[in-house]
Amino acid sequence: PAPSAETLQALRDKAISVCPALAEWPVAGAYAGLRPALDPTVFGSDYFLSTSQKPAGHTFTTVAGVRSTGLTASLGIAQMICDRLGFAEPTPETA
């Protein structure tokens, strides 16, 4: 979902008041919604990465608890999941 026009304008006004040069730049994107967190007493305070084999040969991978550091960590998380699933590193022939 997207934030309301009023909310987006209020945020933009505040950003411009802090950094007037932003007035010359368009809003690159906006979204609103829930970002569920993990219960630290159950899962710890870090990301939850789980891969399990299920009947009929299916593999299920869960990546949860990714929060504000997710963009920075996304490549590392992807590499860990690829390693777990046995994906090989791309080569010039396969890339």
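**Exercise 1. Describe the fold and the overall spread of the protein.**

The protein has three helices and two strands, where helices (H or I, at least four residues) and strands (E, at least two) are DSSP runs numbered from the N terminus. This is a predicted model, in which local features need pLDDT of at least 70, side-chain atom pairs count only at pLDDT 80 or more, and totals for chains, interfaces and linings use all residues. Residues are numbered from 1 along each chain as its sequence is written, and side-chain values use heavy atoms, with hydrogens and water left out.

Read along the sequence, the elements follow the pattern α-α-β-β-α. The radius of gyration, taken over C-alpha atoms, is 20 Å, well over the 12 Å that the globule rule gives for 95 residues, so the protein is more spread out than a compact globule. That rule is 2.2 Å times the number of residues to the power 0.38. Along the principal axes, the C-alpha atoms fill a box of roughly 55 × 45 × 25 Å.

**Exercise 2. Place Phe60 in the structure: is Phe60 buried, partly exposed or exposed, and which residues does Phe60 touch?**

Begin with the element: Phe60 lies in strand β2, which covers residues 59-64. Next, take its accessibility: Phe60 counts as partly exposed because its relative accessibility is 46%, given that buried means under 20% relative accessible area, exposed over 50%, and partly exposed in between (1.4 Å probe, protein chains only).

Finally, turn to its contacts (heavy atoms within 4.5 Å): leaving aside residues up to four places away in sequence, Phe60 touches Ser50, Thr51, Ser52 and Lys54. Phe60 and Ser50 are 10 residues apart in sequence, and their C-alpha atoms are 8.0 Å apart in space.
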